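Welcome, and please get your viewer ready. We will take a short walk through one model, selection by selection.

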Amino acid sequence: MNHFAVRVHPGELHFNAAHFITFNGSCENIHGHNFHVQLEARGENTADAFVIDFVLLNKLAAQICSELHDGVLVPTASDEVSLTEREEELLEIRSYDKRFILSRSSCILLPVANTTAEMLAYHISNRLIESLEACQGLGNLHSLEVAVEEADQQWGIYHREISHV
Ligand SMILES: Nc1nc2c(c(=O)[nH]1)N=C([C@H](O)[C@H](O)COP(=O)(O)OP(=O)(O)OP(=O)(O)O)CN2
């Protein structure tokens, strides 16, 4: 199928956050990254001869990045991570040999199974689809790809086909 695309990767599409991931039957220590985000939207051109307004796409994505900025990214859909609310607004996080007790306000709870770069891309994609739907910006799009760079040139990517039924 022939289609047009836009790709955006401006400086403001980033967030600084801490996380830990589970893999190979263990849990990492909490550590931080400066995450960067790149987006690609494919679809038909609108009457304005663009797939989607760069300015709108950047604005919506920057808002989502701000939701992920300056906190500890905590997965709420993991079988390997248990979360318990404690007194004084504390959250206890247990996974394998690790136990972290953090102030609840420092935690950014995400409905994902692991906070890998891939799953952060998936989460951002879901949030962006919601935002685009809310401003009728989805109608002509065929697909959306979100890429999250965790460390230098290490990207996790989620590609979503958009169905219009
Ligand atoms: N496919 C993926 N692989 C890995 C991911 C991921 O999200 N997707 N994440 C990690 C870890 O979170 C790790 O922290 C990656 O960061 P990096 O700095 O590259 O890790 P290192 O320990 O190698 O580097 P240091 O400089 O020693 O911290 C692993 N894999």
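The stops below go from the ligand and its surroundings to a pair of helices. Keep in mind along the way that this model is predicted.

**Stop one: the shell.** Select the ligand, then show the residues that surround it: H19, I21, E28, H31, H33, T116, A117, E118, E150, A151 and Q154. Try colouring this shell by residue class, and you will get 3 nonpolar, 5 polar and 3 charged residues.

**Stop two: the elements behind the shell.** Now switch to a cartoon view and highlight β5 (31-43), α2 (117-134) and β11 (141-151). Each of these three supplies at least two residues of the shell around the ligand.

**Stop three: polar contacts.** Which side chains should you pick to see N or O atoms facing an oxygen atom of the ligand? Start with H31, where the distance from a side-chain N or O atom to a ligand oxygen is 2.8 Å. Move on to E28, whose side chain has an N or O atom 3.2 Å from an oxygen of the ligand. Then pick H19, with a corresponding distance of 3.3 Å. While you are here, turn on a surface: on its own the ligand has 620 Å² of accessible area, and the protein covers 45% of that.

**Stop four: two helices.** Keep α2 selected and add helix α1, residues 54-67. How are these helices arranged? Their axes lie 10 Å apart, and α1 and α2 pack at an angle of about 130°, so the two are oblique to each other. Rotate the view to look across the pair, and you will find that α1 and α2 cross in a right-handed sense.

Technical notes: Residues numbered from 1 in each chain as written. Predicted model: local features only at pLDDT ≥ 70, side-chain atom pairs only at ≥ 80, totals over all residues. Heavy atoms only, no water. Near = heavy atom within 4 Å. Polar contact = N/O pair within 3.5 Å; in protein donor to acceptor, adjacent residues only side chain to side chain. Areas by Shrake-Rupley, 256 points an atom, 1.4 Å probe, with all protein chains shown as cover. Helix = DSSP H or I, 4+ residues; strand = E, 2+ residues; numbered from the N terminus. Nonpolar A, V, L, I, M, F, W, Y, C, P; charged D, E, K, R; others polar. Axes fitted to C-alpha atoms, helices over the stretch in contact; angles between N-to-C directions. Parallel < 35°, antiparallel > 145°, perpendicular 65-115°, else oblique. Left-handed = near helix turned anticlockwise from the far one by under 90°.
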